[in-house]
Amino acid sequence: MRRSLPPLPWQPSSEPGGTAKVLNAWTGLARDAWATAGGITRGVVHPATAALATIGTARGLARFARQLGATPPISIQGAIGPHRAWAHSEASLDDVRAVRAAFGGTINDVVLAAVAGGYRDLLLTRGEDPNHAVVRSAVPVSTRHHDALGVPDNRVSTLFYDLPVRIPDPLERLRLVTTEMTDLKASHEAEAGEAIVTVADLLPPMVIGPVSRLVMRTLHRLPQRAANTIVTNVPGPQFPLFCLGRMMLEYRPFVPIIHGIRVSTAILSYDGRLFFGVTGDGATAPDVDVIARTTTKAIARLAERAHTAVDKPAPAVGPTRMVR
């Protein structure tokens, strides 16, 4: 039986005043500007490396811009209301690792292939043709480098990936996801997204609020059509967490939806398990349990095939004949 560790001493601090909040905001802006200036200095010292990085980022920006084109309309895309539907499921992280070991790819590739199966089943139950549907997902990815490990901030970019919902076989989907995600990661699209976020971080605090409100009002009137859904996979702690001496058994993720995206999926790993949380618009996507249920079934099917591939005996080799 696992026992909790002795609690660490902690004393809550009072909420900072208005002046302190303003100073903290401007201090963060100065820190971001200094970090950007440091990148320019490194570019001067190493011009060849900087030039290659700039060319790669430019190519990534061009591909990123092409991905912002509108997709054909499907039922999981459109305006949303005030109510939400939410479904959850779970799978063994050891099963996902076994699939990765048997068939290649990454844990995220296995998860994306399984989630694609969930969206395929959702379309089928709604009477839509997955062979002609485009389910383009925004996939957040970490851009944290080794020199930023332990720094308490967010370093995330976004890739746009068309989930292969047209493929019924989970293993074939996995192989395609592995190939396409490898190509997508090499396309510098993540670096392009990181550059956009870096520029946004340099905006003065008094600009961010009005711009954010303008964007939200625009999305209410003209929902975006570049992506149909969001699939985010966050690695969690692979050890038990405790609160007041009680062990946390499950870690249920939730990711919100925005105007234009009626369904989103969050995946979180914790203590040897993968937990899926699927959020849907209450009026137009109350059936998100189809995605949660099918996703874990796809992982189970892949795990069975992985164990079969590992346990399958090698073909017998007959006696060798010498030919003179």
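**Exercise 1. Place Val234 in this predicted model, and state which residues it contacts beyond its sequence neighbours.**

Solution.
- Start with the secondary structure. Val234 sits in strand β5.
- Next, accessibility. The relative accessible area of Val234 is 40%. Buried needs under 20% and exposed over 50%, so Val234 counts as partly exposed.
- Then set aside neighbours within four places in sequence. Val234 then contacts Ile267, Leu268 and Ser269.
- Check one pair by backbone distance. Val234 and Leu268 are 34 residues apart along the chain, yet their C-alpha atoms are separated by 5.0 Å.

**Exercise 2. Locate Leu241 and find which nonpolar surface patch it helps to make.**

Solution.
- Find the segment. Leu241 belongs to the loop between β5 (229-234) and β6 (242-243).
- Test its accessibility. Leu241 has a relative accessible area of 31% and is partly exposed. Patch residues need over 30%, so the 31% of Leu241 passes that cut-off.
- Name the partners. Phe239 and Tyr251 join Leu241 in a nonpolar patch of about 260 Å².

**Exercise 3. Compare the span of helix α4 with its expected value, then decide how far the helix is enclosed.**

Solution.
- Count first. Helix α4 covers residues 107-125, which is 19 residues.
- Take the span. From first C-alpha to last, α4 reaches 28 Å. At 1.5 Å a residue, 27 Å is expected, so the two are close.
- Turn to burial. In α4, 14 of the 19 residues are buried, so the helix is largely enclosed by the rest of the structure.
- Finish past the end. Just after α4, Gly127 adopts a positive phi of about 80°.

Methods
Residues are numbered from 1 along each chain as its sequence is written. This is a predicted model: local features need pLDDT of at least 70, side-chain atom pairs count only at pLDDT 80 or more; totals for chains, interfaces and linings use all residues. Side-chain values use heavy atoms; hydrogens and water are left out. Patches are made of residues with over 30% relative accessible area and no salt bridge: like charges are joined within 9 Å, nonpolar side chains (Val, Leu, Ile, Met, Phe, Trp, Tyr) within 5 Å. Accessible areas come from the Shrake-Rupley method with a 1.4 Å probe; for residues, only the protein chains shown count as cover. A salt bridge is a side-chain nitrogen of Lys or Arg within 4 Å of a carboxyl oxygen of Asp or Glu. Helices (H or I, at least four residues) and strands (E, at least two) are DSSP runs, numbered from the N terminus. Buried means under 20% relative accessible area, exposed over 50%, partly exposed in between (1.4 Å probe, protein chains only). Contact means heavy atoms within 4.5 Å.
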